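Dear colleague,

I am passing on the structure below, and after it I set out what was found, region by region. Please read the notes with the coordinates open beside you.

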Amino acid sequence: MHYECIECGKTFPVSRRLYTCPECDSLLEIELDLEKVKEEVDRDSLENDPVTLWKYSPFMPVEDESNIVSLDEGGTPLYECDSLADWVGIDKLYVKYEGGNPTGSFKDRGMTIGVTKAIEYGVSTVTCASTGNTSSSLAAYSGKAGLDCLVLTPKGKVALGKLAQAALHGAKIIAVEDNFDRALELVRELTREREDIYLLNSINPFRPQGQKSIGFEIADQLGFQSPDRITIPMGNCANIWAVYKGFYEFNELDLVDGIPKMTGIQAGGSQPVVDAIKADEGTVTPETDPETVATAIRIGDPVNGPKALRAIRRTGGDAEGVTDDEIVEAQKMLARKEGIGVEPASATSIAGLKKMVENGDIDSDETVVSVVTGHILKDPEEAAEVSEKPIEVSAKYDELVKLVENNDGS
Ligand SMILES: *Cc1c(COP(=O)(O)O)cnc(C)c1O
Ligand SMILES: [Zn+2]
């Protein structure tokens with residue numbers, strides 16, 4: 001395996017600790033020797049063992065398996081959602097529920113690899129800038145690995161559940177008086193100066209290597225088939241690339257037949273990649289003042305924008321933006337029709353799907369998998385805020401009966 005620059009194509013050995021291309025500063029990707037992976041894959045256990053990230057270990061860029069730091073991530077449910085499919089207006093809809101991971105988001109798939117690489121590189125401290133979930137996950141995995149954890153967050157903008165997790169798992173949390181994009185700039189500067197601190201934002205090319213297991217699992221759970229389309233939220237845009245990469249590698253090994261159309265959804269107040277796709281631009285122009293209820297994707301300058309554009313264009317995919325009202329409506333439908341509780345960012349993949357079906361951009365006979373990225377309890381304040389409030393009653397039976405009779409069943 002080696003690093004490969006997505007722009008200039010130069011390759012570098014993974015023995016070097018790199019974040020971006022030393023020649024042109026563009027994004028790096030990890031390329032595996034797929035012939036070797038093919039030899040290591042045991043078809044029988046691949047087809048029969050239960051899904052979990054480490055089931056796909058021949059695809060994981062680890063030097064020595066004894067270094068692996070794992071909390072049994074992955075193996076999340078793929079729900080067949082008929083009621084939601086009716087509401088959205090398509091025949092077949094599956095929801096991949098990433099809230100089922102150890103710390104409640106897909107970030108755990110990236111962190112099992114990222115923190116394992118931190119051990120392999122022999123660093124003592126790991127760090128990230130985070131809208132919340134990256135910090136929760138990094139704090140948990142670094143704690144287990146015995147590493148110090150430093151996280152930078154946009155002050156006052158992190159959902160309560162995420163902040164509580166990062167704090168309880170023992171991260172040193174620094175609340176920066178600016179937005180996520182600035183916090184990321186600061187932490188990138190810090191890790192350029194301080195070689196003892198390893199940066200585990202998704203610009204780190206190892207994290208998507210773990211996250212590509214979302215693609216492996218979807219294929220596996222559908223009986224080694226690719227759906228027609230994947231819809232997925234985009235923030236910093238590593239995940240859409242990662243899922244694409246999973247299907248790409250399975251397709252190269254003939255484990256599936258084709259790669260789904262990768263379709264990224266952003267929140268309207270923060271949709272620079274959607275704008276680039278719709279205007280057919282080669283680059284992403286940052287949004288300077290990103291705003292949305294979906295705090296996990298409240299990112300104006302997505303570092304992995306070039307990877308998102310590639311994943312979408314190479315697969316004939318698409319991108320769409322949705323309003324906060326559409327996000328909250330989809331969040332409620334997931335919760336009420338399917339029993340799937342998600343934080344707002346996750347619901348964009350359903351809100352965007354519905355919009356694109358209504359606009360005629362997606363055919364109703366497509367088989368779609370929507371990735372929902374984080375657990376409802378990540379942002380409990382938002383969930384309570386958008387829902388009906390409890391009805392208060394004095395502790396008298398007559399009063400209770402009146403309330404029950406007034407209830408029209410809605
Ligand atoms: C991180 C995150 C996203 C965005 O993923 P990117 O790889 O940054 O595009 C979406 N939803 C949730 C819940 C997240 O935590
Ligand atoms: Zn380069």
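An open sheet of four strands is a good place to begin, its order being E8-E7-E6-E9 and its pairing parallel. Please keep in mind throughout that this is a predicted model. The edges of the sheet are formed by strand E8 (172-176) and strand E9 (197-199), each of which pairs on one side only, and the twist from one strand to the next averages 25°. Strand E6, which covers residues 125-129, pairs with E9 in the parallel sense over three bridges, and among the residues involved Thr 125 has Ile 197 in E9 as its bridge partner.

Two helices lie across this sheet. Helix H5 (residues 133-145) lies across E6 and strand E7 (148-154) and runs at about 170° to E6, while helix H7 (residues 180-193) lies across E6, E7, E8 and E9, at about 150° to E6.

H7 also takes part in the largest pocket, which holds about 410 Å³ of space. The lining of that pocket is made up of 21 residues, and those nearest its centre are Arg 188, Asp 301, Pro 302, Val 303 and Pro 306. The elements that give two or more residues to this lining are H7 and H12, and the largest share, five residues, comes from H7.

Helix H12 (residues 305-314) deserves a look of its own, since Gly 305, Lys 307, Ala 308, Leu 309, Ala 311 and Ile 312 are buried within it. The cover over these buried residues includes strand E3 (28-31), H10, strand E11 (261-267), helix H11 (272-278) and strand E12 (318-322). Just after H12, Gly 316 takes a positive phi of about 65°.

Two of the elements that cover H12 also pair with each other: E11 and E12 do so in the parallel sense, over five bridges, with Gln 266 standing opposite Gly 321 in E12. E12 is itself mostly covered, four of its five residues being buried.

Turning to enclosed space, the structure holds one cavity of 30 Å³ or more, and the volume of the largest cavity is about 310 Å³. Its lining consists of 28 residues, of which Phe 106, Lys 107, Gly 235, Asn 236 and Ala 296 lie nearest the centre. H5, helix H8 (207-211), helix H10 (238-252) and helix H14 (344-358) each supply at least two residues of this lining, so that H5 appears both here and across the sheet described above.

Ser 105 is found in the loop between strand E5 (92-97) and helix H4 (107-121). Although it belongs to a loop, Ser 105 is buried, with a relative accessible area of 0%. Neighbours within four places in sequence left aside, the contacts of Ser 105 are with Glu 98, Asn 133, Thr 373, Gly 374 and Lys 378.

Two other loop residues have an unusual backbone angle. Most residues other than glycine have a negative phi, yet Asp 25, which is not a glycine, has a positive phi of about 65°, and Asp 280, likewise not a glycine, has a positive phi of about 60°. Asp 25 sits in the loop between strand E2 (11-13) and E3, and the place of Asp 280 is in the loop between H11 and H12. Both count as exposed, Asp 25 with a relative accessible area of 52% and Asp 280 at 63% relative accessibility.

Finally, the cysteines. How many disulfides does a search of the whole structure find? The search finds zero. For Cys 237 the distance settles the matter, because its sulfur is 17 Å from the closest cysteine sulfur, in Cys 128, which is too far for a bond. Cys 237 is also buried, with a relative accessible area of 3%, and Cys 21 is buried as well, with a relative accessible area of 3%.

With best regards

Key: Residues numbered from 1 in each chain as written. Chains lettered and ligands numbered in written order. Predicted model: local features only at pLDDT ≥ 70, side-chain atom pairs only at ≥ 80, totals over all residues. Heavy atoms only, no water. Pairing = 2+ DSSP bridges. Axes fitted to C-alpha atoms, helices over the stretch in contact; angles between N-to-C directions. Contact = heavy atoms within 4.5 Å. Disulfide = S-S within 2.5 Å. Buried < 20%, exposed > 50% of the residue type's maximum accessible area, 1.4 Å probe, protein only. 1 Å grid on protein atoms, 1.4 Å probe; cavity = no way out; pocket = protein on both sides within 12 Å on 5 of 7 lines; lining within 4 Å. Points joined across faces, edges and corners; volume = space filled by probe spheres on them.
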